Amino acid sequence: MCVNVWQDGAVADSDESNGNESASGTAAVREVTNVETLKALADPIRLRLLSALMVSSGPLPVRSVKELAAELGEPQTKLYRHVKQLEAVGLIRAVSSRVVSGIVEQRYQACQSDLTFGPGLTDDERRSPETEAAVGALFDLFRSRFFAASRAGLLPAQPTADTPMHRRVVLNMTESWVPAAKAAAVRERLQAVLDDLEGADRKPGAGMVPVNVLIGYYSPDVPGQSR
């Protein structure tokens with residue numbers, strides 16, 4: 001799942017795809033701009049559900065709530081409300097159903113492979129508690145996955161010279177003052193990393209390793225300082 005909140009370009013007035021279609025016929029990218037969709041995204045469990053349905057290098061997967069519960073390690077009954085909220089705003093859709101032990105079981109698929117919040121994320125007209133909650137849920141999802149991997153012993157506690165470079169954890173938050181040209185160059189390099197990862201496969205394969213990256217950058221305007 002790729003959630004991109006800093007794409008260049010204009011933001012539409014309503015949730016629209018960019019016109020690209022995936023192999024399964026669903027929109028490749030969806031711009032999120034309305035409050036109801038932000039509310040649906042402002043929960044770590046719903047983000048995990050959406051991630052499970054969006055992680056694919058081919059046709060988007062189709063899962064029942066039972067299958068999603070097993071994949072996420074959550075009680076099945078706990079997920080129904082979250083699934084309905086995602087469905088209500090068009091982030092996922094029911095694509096098939098079957099009768100299991102006399103009960104109709106719906107199977108769901110994501111309506112997009114990627115999400116973008118666009119540069120209007122912090123515009124005065126769009127800024128809202130829902131926006132902050134959605135971004136917070138994204139941070140929380142990364143945090144929970146990081147520490148789950150750490151508790152499971154899947155991350156090197158003390159990297160050594162023999163630790164493969166791709167397994168060495170990088171966690172850093174910094175606040176610096178640099179020339180505007182250097183700040184622009186840093187942002188361009190970060191965007192290049194994201195562009196490179198967006199073109200990568202999103203499912204396991206021979207010789208493949210999982211990579212989890214959370215990138216944030218902002219340069220606030222300083223009152224009284226010339227641009």
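**A pocket, a helix and three residues in a predicted model**

The second largest pocket has a lining of 13 residues. Those nearest its centre are Gln-76, Tyr-80, Ile-103, Val-104 and Glu-105. Two or more lining residues come from each of three elements: helix H3 (65–72), helix H4 (76–88) and strand S5 (103–110). Strand S5 gives the largest share, with five residues. By residue class, the lining of this pocket holds six nonpolar, four polar and three charged residues. The space in the second largest pocket comes to about 240 Å³. The model that holds this pocket is predicted.

The pocket belongs to a protein chain of 227 residues. Its secondary structure consists of six helices and six strands. Along the sequence, these elements follow the order β-β-α-α-β-α-α-β-β-β-α-α. Buried residues make up 32% of the chain. The protein chain exposes about 14,500 Å². Carbon and sulfur atoms supply 54% of that exposed area. Contacts were also sorted by distance along the sequence. Among contacts in the protein chain with a separation of 6 or more, 63% join residues 24 or more positions apart.

Helix H5 covers residues 129–151. Its length was checked against expectation. At 1.5 Å a residue, the 23 residues of H5 should span 33 Å. The C-alpha atoms at the ends of H5 are 32 Å apart, so the model agrees with the expected span. The buried residues of H5 begin with Glu-130 and Thr-131. Ala-134, Val-135, Ala-137, Leu-138 and Leu-141 are buried as well. Phe-146 and Ala-149 complete the buried set of this helix. Just after H5 comes Gly-153, with a positive phi of about 75 degrees.

Ser-144 is also part of helix H5. The relative accessible area of Ser-144 is 25%. Buried would require a value under 20% and exposed one over 50%, so Ser-144 counts as partly exposed. A distant position in the sequence is paired with Ser-144 in space. Ser-144 and Pro-44 stand 100 residues apart in sequence, and their C-alpha atoms are 9.1 Å apart.

Two other residues were examined in the same way. Ser-51 sits in helix H2 (residues 44–54). The relative accessible area of Ser-51 is 4%, and therefore Ser-51 is buried. Along the chain, 62 residues separate Ser-51 from Ser-113. In space, 9.2 Å separates the C-alpha atoms of Ser-51 and Ser-113.

Val-29 is placed in strand S2 (residues 27–31). With a relative accessible area of 21%, Val-29 is partly exposed. The cut-off for buried is under 20%, so the 21% of Val-29 does not meet it. Val-29 is paired with Asp-114, which lies 85 residues away in sequence. The C-alpha atoms of Val-29 and Asp-114 are 4.6 Å apart.

Conventions:
Residues are numbered from 1 along each chain as its sequence is written. This is a predicted model: local features need pLDDT of at least 70, side-chain atom pairs count only at pLDDT 80 or more; totals for chains, interfaces and linings use all residues. Side-chain values use heavy atoms; hydrogens and water are left out. On a 1 Å grid over the protein atoms alone, a cavity is a set of points where a 1.4 Å probe fits but cannot get out, and a pocket is an open set with protein on both sides within 12 Å along at least five of seven lines; lining residues have an atom within 4 Å of a point. Grid points are joined across faces, edges and corners, and a volume is the space filled by probe spheres set on the points. Helices (H or I, at least four residues) and strands (E, at least two) are DSSP runs, numbered from the N terminus. Ala, Val, Leu, Ile, Met, Phe, Trp, Tyr, Cys and Pro count as nonpolar, Asp, Glu, Lys and Arg as charged, and the others, Gly among them, as polar. Buried means under 20% relative accessible area, exposed over 50%, partly exposed in between (1.4 Å probe, protein chains only). Contact means heavy atoms within 4.5 Å. Accessible areas come from the Shrake-Rupley method with a 1.4 Å probe; for residues, only the protein chains shown count as cover. The expected span of a helix is 1.5 Å times one less than its number of residues.
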